[in-house]
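Reader: I've got this structure open at my desk and I'd like a close look at one part of it, the place where the chains meet. Could you walk me through that, and then through whatever helps to make sense of it?

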2 protein chains.
Amino acid sequence: MEQSKETINSIPINGKVSNCDENIDHNSTDDVLLDVDIGDPIMYYPYWKSVDEECSVTIKASAFLSYFVNLNKDEFFYHVPGFTDAIRRIHRVVGNAVTEGRYIIAGTGSSQLFNYLLLALSNTVTSGTTNKRVPVVCAAPYYGLFAASVETEKSSMYEWRGDTRTFDDKEGPYIEVVTSPNNPDGLWRKPMVNREGGMLIHDLAYYWPQYVPITGPADYDIMLFTMSKFTGHAGSRIGWVIVKDKELASALMNQSFLRTIGCCQEGQLRAKTILNFIADSYEKTPIPKVMPTTTTENLFEFGYRVMSDRWEMMKAAVKQNNLFNLLEYPDQHCNFFGKFHLPNPAFAWLESKTGEDASELMREHKIQARKGAMFGSSLHTKCVRITMVGSDDQFRLLIQRLSSPPSSVHLDEVPSISKVDINGN
Amino acid sequence: MEQSKETINSIPINGKVSNCDENIDHNSTDDVLLDVDIGDPIMYYPYWKSVDEECSVTIKASAFLSYFVNLNKDEFFYHVPGFTDAIRRIHRVVGNAVTEGRYIIAGTGSSQLFNYLLLALSNTVTSGTTNKRVPVVCAAPYYGLFAASVETEKSSMYEWRGDTRTFDDKEGPYIEVVTSPNNPDGLWRKPMVNREGGMLIHDLAYYWPQYVPITGPADYDIMLFTMSKFTGHAGSRIGWVIVKDKELASALMNQSFLRTIGCCQEGQLRAKTILNFIADSYEKTPIPKVMPTTTTENLFEFGYRVMSDRWEMMKAAVKQNNLFNLLEYPDQHCNFFGKFHLPNPAFAWLESKTGEDASELMREHKIQARKGAMFGSSLHTKCVRITMVGSDDQFRLLIQRLSSPPSSVHLDEVPSISKVDINGN
């Protein structure tokens, strides 16, 4: 990676993030693209930094020597004791998912569980002896890594078939991924195909009160959650799936055992600690009906404040810039905060007013956003996705550039993370 | 799981292991099978317990908020800084693998990397448009989870074809797994097929001085290692692969990114801490030419002492029992310890003298061992695998039962871990 191609993203090193204004010399970064392509959730850093002393984990040398960390007969042996309890507890506190009578299985991020689900669901409908793979579809625009991971894996059992709008199999089994709120556009999604043979995976990574009003506990057959976008702990790679069906739960555990012998126990312990810390904070301090001051706020108030401030700034910058349309979201009553509020999606999804390639327009503002075409449909070339969950520095520079006139300077493309090159060539 | 089916295995709960004699009431366990089926490496507990204060990790709330933990251009972004340095360092200290000029990629255990390797290697030789999958073979007896994970995954690109002896494809690409020392039999393995088109994966999980004399640094194209059997930290699910080829390394990183966005950073941090602790201990205390006393021993001396003591007891019990043959291993010069010694494999591989089913003979001694037929060939029904790396309690009871006359009492089978049932039914 040459110096001229470096990005400004505030990236944590060894668990520490430089997240203060003085760490960026705005003058020296004038000639590089601002990378707002990836949804790296480091906006949560100031909150977690403020509770570092109260919420840490110490793991001694003799811990986690065994594969079998759990002897509870109702639990999977690799689940750290208390881990699934903490998950059930936080969902109860927030009221965003039903966990009573459901099975919970942890994975190396929800992405690992996504692939385990595809295989387990495919196994229920095909013997694998025919050449017919189970189609996996999702309404575009959708999270591009769904497609990439399925296409990379090259399973004999299922295949990525892309946008539900172009899916025309009139019969037979299929799997539909329903992401609500949706990445990239923040909209609440419902299944689109709606015919016999459908198996639904609900991805609820963003169904937390800082992003969207919590209108009730989700109660779908299969619900995916992850630490990454909820608390910001993307490096832990801890996700979980909540499933109703016992046989599906067994199949997922069996895959987890046979393919990776569970997932990292240190990561689970940390997730458990963080989830219980959040739940504790709401038991000590009841959920305020009025937004608290910054000195008393807990995670969701912090997240909601930062996100709604940023969305105000984003709307103002887009208005001033006058090149893009932003989606408008209706306000809804949030059961968690006990009031009506607008959604504050984790990504801004902008459409160029003229129909031009929005990513090119962004480049003229020295902004590298994720191209709309990467979300499953060429219809979205005029759109672009921008992360709203990066560092304060990154966001301030984003607003500054978006509000300024376009630049005529040509800037080299920022290297894409999906084409990572180990020698930086 | 009913009470009568419970096993005696000393299993750690919440990172703590009950590993003292007084915790087992030998009288009360007379009527249950002793489960020595699984190679759960808790023999390392006393060593790590003794250094708990010196070798712990504290992770604060604000750590690992980002996917991008590493900005070094020669490193993969999800590798915790210093993680691969610690791996290179421990291999230098032990002298068991060449890492200079090699690429290192971490995974959720070496099992995850094994499947990533199969796909990456298959991608180099087939477009995936034909129905021909790349055969994956291994000389039996082999680790059964290789077969189970490949068969479970149902890839369109590769398929498990089992024992090299029955593999008769005269041409075309194939992948051969070479485990040295081998699980279950502890023998040093070489490739068996040896023809054009072969791609070799060397699994070196047990190539550490407590198990086998270190005769020189391994220098294969693809080498798999894991924390599980090396330090005993099986719960961390941290493995790594050392590869020579840059394009293969890139392909593995790409899969790791697309399929799970790396692996748990807490687990990597802990592995780094533990590996550096071991390396430090040998820099402070040079490797002794004579085995040290228990008060001065470091990990490898501890491991070697426990393993060689256990093997002496095992040989004596088998001799007294007179029903089984044990393999005999030649002594070799160990460059690490600077002396000749015998291998102390992590598993005992016993063959019944009469050719009877060895697992049935073991059951008559109230011992549940892993059946020989589970290692890839019906030829091995007369064999059985017993873990040598369990707790002291478990091992003492094993020796006691193996040395005693057979019992006529019929005992129910211990539930198999591969048939895990979430409700214990």
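Author: Here is a walk through the contact between the chains, then the domains and a few charged pairs. Keep in mind that this is a predicted model.

Let's start with how the chains sit. Turn chain B by 180°, with 0.0 Å of shift along the axis, and it lands on chain A with an RMSD of 0.0 Å. The two copies are therefore related as by a two-fold rotation axis. Both copies use the same surface, too: 100% of the contact residues of chain B turn up again in chain A.

Now the contact itself. Chain A puts in 95 residues and chain B puts in 95 residues. Together the chains bury about 8,300 Å², with 58% of that on carbon and sulfur atoms. On the polar side, there are 46 residue pairs in polar contact between chain B and chain A. Salt bridges between the two chains come to six. One to click on is A:Glu266 with B:Arg270, where the closest N and O atoms are 2.6 Å apart.

Which elements of chain B give two or more residues to the side that touches chain A? The list includes helix 1 (45-50), strand 3 (103-108), helix 3 (109-125), helix 4 (144-153) and helix 7 (265-284) of chain B. Helix 6 of chain B gives the most, with 10 residues.

Helix 4 is worth a pause in chain A. Seven of its 10 residues are buried, so helix 4 of chain A is largely enclosed by the rest of the structure. The buried ones are A:Leu145, A:Phe146, A:Ala147, A:Ser149, A:Val150, A:Thr152 and A:Glu153. Right after helix 4 of chain A comes A:Lys154, which has a positive phi, near 55°.

There's also a contact inside each chain's fold to look at, and I'll take it in chain A. The domain assignment splits chain A into domain 1 (5-51 + 297-421) and domain 2 (83-282). Domain 1 of chain A brings 36 residues to the contact and domain 2 of chain A brings 34 residues. Between them, these two domains of chain A bury about 2,900 Å², and carbon and sulfur atoms give 67% of it. In domain 1 of chain A, the residues that lose the most area to domain 2 of chain A are A:Trp48, A:Phe300 and A:Phe336, together 21% of what that side buries. You'll find zero salt bridges between domain 1 and domain 2 of chain A, but 14 residue pairs in polar contact. Helix 8 of chain A supplies the largest share of the domain 1 side, six residues.

Last, some charged pairs. Over all chains, a search of the whole structure finds 40 salt bridges. A:Arg161 takes part in a salt bridge with A:Asp169, closest N and O atoms 2.7 Å apart, and in another with A:Glu159, at 3.7 Å. A:Arg161 is partly exposed at 27% relative accessible area, whereas A:Asp169, at 17%, counts as buried. In chain B, B:Lys244 forms a salt bridge with B:Asp221, with closest N and O atoms 3.7 Å apart. B:Lys244 lies in the loop between strand 9 and helix 6 of chain B and B:Asp221 in the loop between strand 7 and strand 8, so the pair ties together parts 23 residues apart in sequence. Over in chain A, shared partners join A:Arg102, A:Asp219, A:Asp221 and A:Lys244 into one salt-bridge network.

How values were computed. Residues numbered from 1 in each chain as written. Chains lettered and ligands numbered in written order. Predicted model: local features only at pLDDT ≥ 70, side-chain atom pairs only at ≥ 80, totals over all residues. Heavy atoms only, no water. Least-squares fit on C-alpha atoms with pLDDT ≥ 70 in both. Contact = heavy atoms within 4.5 Å. Buried < 20%, exposed > 50% of the residue type's maximum accessible area, 1.4 Å probe, protein only. Helix = DSSP H or I, 4+ residues; strand = E, 2+ residues; numbered from the N terminus. Domains from an automatic or database assignment. Buried area = accessible area lost by both parts, 1.4 Å probe. Salt bridge = Lys/Arg side-chain N within 4 Å of Asp/Glu carboxyl O. Polar contact = N/O pair within 3.5 Å; in protein donor to acceptor, adjacent residues only side chain to side chain.
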